[in-house]
Structures are given as structure tokens and as C-alpha cells.
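Got the viewer open? Load the model, switch to cartoon view, and follow along one selection at a time.

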Amino acid sequence: MKISKDDLEIIIVHYRNVRPTVAMLNAFFKFYPELQVSLIDNSGGICDAKENIIPHIRKAEERIKIIKNHETEFGWRGPLSHG
């Protein structure tokens, strides 16, 4: 069975470290350059994905949708919820 890009939804959670997220995204886009990714920014404002991740992967920027888990929310909806 062949899987097309329309059959997949890729969701990645970014926490507080730039290097692992950038390395994973670069490796992912190396092998799957046409796919779209939703990147959940769960850093609580400490390591903003738009400011810290996107500059390292400009070639794939248009294929990444950032969903921010705002640092002003607390409890199960905030930075403690891990995406």
C-alpha cells in the first residue's frame, strides 16, 4: 500500500531546546521534503519556535505551521501540558 502526503498529518512538539528540534526537522525534510508539519510550541515562552527554530530551517519554513501553547495559560492548558 502506497501512502500519499494527503494521508499523513505530522505533528511535532517543541519544548525548550533548539538543537533537537532543528536536527529532527532537518532530517525529516531531507527524506520527506513535500510534507507539511504542525509544530506545537510548548516552550512556555522560553524558547519560542518562530524566533529560535525557523531561522535554522528557512528552506522548509513554508511547510511548517506553528501552533503556540501560550505561556500565560496555566494548569493542563499551559506550559505544563506538553503539547
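Start by selecting strands E2 (37–41) and E3 (64–68): they run parallel, with five bridges joining them. Strands pair here if DSSP finds at least two bridges between them; strands (E, at least two residues) and helices (H or I, at least four) are DSSP runs, numbered from the N terminus. Before going further, note that this is a predicted model, where local features need pLDDT of at least 70, side-chain atom pairs count only at pLDDT 80 or more, and totals for chains, interfaces and linings use all residues. Residues are numbered from 1 along each chain as its sequence is written, and side-chain values use heavy atoms, with hydrogens and water left out.

Now add E1 (10–14) to the selection. You have an open sheet of three strands in the order E1-E2-E3, paired in parallel. E1 and E3 are at the edges with a single partner strand each, so each has one side without a neighbour in the sheet. From one strand to the next, the twist averages 25°.

Next, bring in helix H1 (18–31). H1 packs on the sheet and touches E1, E2 and E3 (a contact means heavy atoms within 4.5 Å). The direction of H1 makes about 175° with that of E2; axes are lines fitted to C-alpha atoms, for helices over the stretch in contact, and angles run from 0 to 180 degrees between N-to-C directions. Zoom out for a moment: the chain has two helices and three strands, running β-α-β-α-β from the N terminus on.

Which residues have the most contacts inside the largest nonpolar core? Show side chains for Leu25, Phe29, Val37, Leu39, Ile53, Ile57 and Ile64, and you have them; the core has 15 residues. A nonpolar core here is a set of buried Ala, Val, Leu, Ile, Met, Phe, Trp, Tyr and Cys residues joined through side-chain atoms within 4.5 Å. Buried means under 20% relative accessible area, exposed over 50%, and partly exposed in between (1.4 Å probe, protein chains only). H1 gives the largest share of this core, four residues. Click on Val37 and look across to E3: Ile64 stands opposite. Then click on Phe29, which touches Leu35, Val37, Ala60, Arg63 and Ile64, leaving aside residues up to four places away in sequence.

Follow that last list to Arg63, in the loop between H2 and E3. Is Arg63 buried or exposed? Buried, at 14% relative accessible area. With the same neighbours in sequence left out, Arg63 touches Phe29, Pro33, Glu34, Leu35, Gln36 and Val37.

Arg63 also takes you to the charged pairs. How many salt bridges does the structure hold? Three, each a side-chain nitrogen of Lys or Arg within 4 Å of a carboxyl oxygen of Asp or Glu.

- Arg63 and Glu62: the closest N and O atoms are 3.1 Å apart. Glu62 is exposed, at 55% relative accessibility.
- Glu61 and Arg58: their side chains meet at 3.0 Å, N to O. Glu61 is partly exposed, at 33%.
- Lys68 and Asp48: here the N to O distance is 2.6 Å. Lys68 is in E3 and Asp48 in the loop between E2 and H2 (49–52), so the pair ties together parts 20 residues apart in sequence. Lys68 is partly exposed at 32%, whereas Asp48 is buried at 12%.

Finish with the whole chain selected: 35% of its 83 residues are buried.
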